[in-house]
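Student: Could you take me through one part of this structure closely, namely the contact between the chains, and then follow the chain inward from there?

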Amino acid sequence: MKKIFLAITGLALWTVPAVAAIKVMTTTTDLKYLVERVGGDKVSVESISSGDQDLHFVEPKPSMVVKLRRADMLVRIGLDQDMWADSLVAAARNGKIVYGAPGYVDTSVGIKVLQVPTKKVDASMGDIHIFGNPHYWLDPDNSATMAGTIKNGLCRLDPSNAGFYAANLEKYRAELALKVKEWKEKMASVKGMKIVTYHNSWLYFAQAFGLEIVENVEPKPGIPPSPGHINSVIKTIKEKGAKYIIAETYYPLKGPRMIAEKTGAGLLTVPSSIGGLPEVKTYFEVFDCLVGKLSQ
Amino acid sequence: MKRFMILLLFTALTPCAIAQETEGFTTKIIETAPPPQGMRGTPLNLPDISVIGVFNGYISDDKTDESRNKLEFDEVETAFQGYIYPKMKADVFLAIHKHYDGYEAEICEAKMSFLEVLPGLSAQAGKIHVDFGRLNKSHSHHRPMVDQPSVITNFFGDHGLVGQGLALSYLIPLPFYAEIQGGAWTVPEHHHDVGEGNTAEILDITGSTVTVPIIVESDEFSVADKVYTGRLLTSFAFGPKTEMMVGLNALKGKGSHYTHHQDNVKITGVDLALKHWPSAYKRWTFQNEWFHLARKVPAGNLNRDGGYSLVNYRWSKYWDAGVRFDYSENAMPVISYERVYSAMLTRRLTETTHARVQYRHKNLYGEKANEGWVQMSFGIGPHSHDLE
């Protein structure tokens, strides 16, 4: 009897957290970082995806449901980039994080979204996101807005610490402003540089740092390149003088390598999120890595 | 002056074309060509509407198989999905399926989902693919194969276990995933061509003679009438890249020809799936299900077993391949077994569009057949299913 009692007590202690921090689940590692910056020690945060995963291709797992079941807040990219989170939220049966609940935070709110379709889109155009290009976190300035949206969410759940979250937000924004200035100074020498990207995911980054994307390796978003399209990309690079081909670490590199060999353009495999490379551990390090490689 | 008057009169008589605009319409220069049908705008308040089409080519060296050597639509499914209230969803799947001698329209599923009745507790009501084992819940176009494992056909029928009723599901607050479900369903009996007078005198287990209805051989056994199901599904993560799901299943019901056969049915089962993701797109799946059928008829008990084992490997975003072995006994009084060896290769274009080829060697109690499929499945519009 004593053993049963101890086992039940142990199980209960295992399931009940020792510290009453706000439990936040994020769909990406970058969002985890931002929540940690704004929430400080008042939050415990976990990301559903890892930085080396293609966000279009995250497979929902039961273990993710368990984590969402216990969450007070869900922070997501939105714009259909992390649509897989919908089935997880439905399976978690947690009213605190459903759409419209105080614990539901979509960081696309307030973002100036690029490439918003103005007419009907369908699969003939590839994997077009109907709410616009969702890769907005790759403009570092957007993270100031994203962090602000996260702060609002935390204040809804924990108004007594609103001042704490607001102070952390300001501190983050100040640090970000310095880093953006540093990155832009480094990138000034390559402003106007032409690049080719594997997927249509670098538009925000290119706009932030004055790069020109002349072509994508994918003929249309999500569609693998055919030999004909690879030839077309080679021709474009030669004509326009693109210097680099940029591909996220998870994309197949056979096509980009062939293009690089035939054109002399540099192939950069880069992280688009924290964890995209093992050494990239913060949101700032994502841009340190990108800027470092491009400004060489 | 006369010319001027004629021009004025002409102008006055052609108001729509030149001078006036009808209320609610405006004049504008066309900047882009109007889209053709199928590329028009969509109002914001429509539910998610989608169509899935499954087109199969089937060949077989079994010359008695009338469906062989044909290319035809196997299924067209239309889905309407949307929220009807906060935390309440409705999903309606209407399908036209190919049956032996033609096409039949039916409600494939029509269900209301109450996403959070109480903390951790959800409910579904309507006509539902019952969550029983790993594959039964999924629609055919969501499975990594063209056919379905023999045990599902032999124990639950061609469409698997589909009932009308209510299911409750509770996510047990444990450190690992543990969900317990219970459902109460009505499943229609099959029509039967055996008259009431078809009986036989047999000896029961005590040696006495009893009169029982004749059980006619049929390949259409399934469970029916009032059916009760229960399932416990657990999942254990071994690090971020490996997950194992274990399910236990139990069912109590009657046979689909109960009026004639007076058979009470119990099915128990276990399923196990192990998934491993070595990298962003690669995935190994090892999936197994085993069911035991106990069919109690007036003459005694029939005990049958069946299951399958599937290994599937996805090596890129677009390609996966698998092999499957089935063993299944039939549910009939005269026991026979079926052994099936399958291999399948899938090229995915999008989440709902794929091309697939499958080879199957079937050994039905000594009668062997080699079969092959070519399948094209396409999807139009936003289409989703519950977490599987």
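Tutor: In this predicted model, the contact between the two chains takes in 29 residues of chain A and 32 residues of chain B. On the side of chain A that touches chain B, α1 (2-15), α3 (62-69) and α4 (84-92) of chain A each supply at least two residues, and the largest share, five residues, comes from α3(A). By residue class, this side of chain A divides into 14 nonpolar, seven polar and eight charged residues.

Turning from the chain contact to the interior of the chain, one finds that chain A is divided into domain 1, residues 2-181, and domain 2, residues 182-294, with centres, taken over C-alpha atoms, that are 27 Å apart. Where these domains of chain A meet, 30 residues of domain 1 are in contact with 28 residues of domain 2. The side of domain 1 of chain A that touches domain 2 draws at least two residues from each of α2 (29-39), α5 (142-157) and α6 (162-187) of chain A, and the residues of that side comprise ten nonpolar, twelve polar and eight charged.

The nonpolar interior can be described in the same terms. The largest nonpolar core has 75 residues, and those with the most contacts inside it are L34(A), V35(A), V38(A), L68(A), L74(A), I150(A) and I245(A). Its largest share, seven residues, comes from α10(A). Because both domain 1 (2-181) and domain 2 (182-294) of chain A give residues to this core, it lies between them. As a general matter, nonpolar side chains in soluble globular proteins tend to be buried together.

For one residue of this core, L74(A), the surroundings can be listed: setting aside neighbours within four places in sequence, L74(A) is in contact with M25(A), L68(A), V89(A), I97(A), G103(A), Y104(A) and V105(A). There is also a second, separate core, which has 25 residues, among them V151(B), F156(B), L161(B) and A224(B).

Finally, a residue towards the end of chain A offers a contrast to the core: Q296(A) is placed in the segment after α10 (283-294) of chain A, and Q296(A) counts as exposed because it has 10 C-beta neighbours inside 10 Å, where the limit for an exposed residue is 12 or fewer. Although Q296(A) and S189(A) are 107 residues apart along the chain, their C-alpha atoms are separated by 9.5 Å.

Conventions:
Residues numbered from 1 in each chain as written. Chains lettered and ligands numbered in written order. Predicted model: local features only at pLDDT ≥ 70, side-chain atom pairs only at ≥ 80, totals over all residues. Domains from an automatic or database assignment. Contact = placed C-beta atoms within 7 Å. Helix = DSSP H or I, 4+ residues; strand = E, 2+ residues; numbered from the N terminus. Nonpolar A, V, L, I, M, F, W, Y, C, P; charged D, E, K, R; others polar. Buried ≥ 20, exposed ≤ 12 C-beta atoms within 10 Å, placed from the backbone. Core = buried A, V, L, I, M, F, W, Y, C linked by C-beta atoms within 7 Å.
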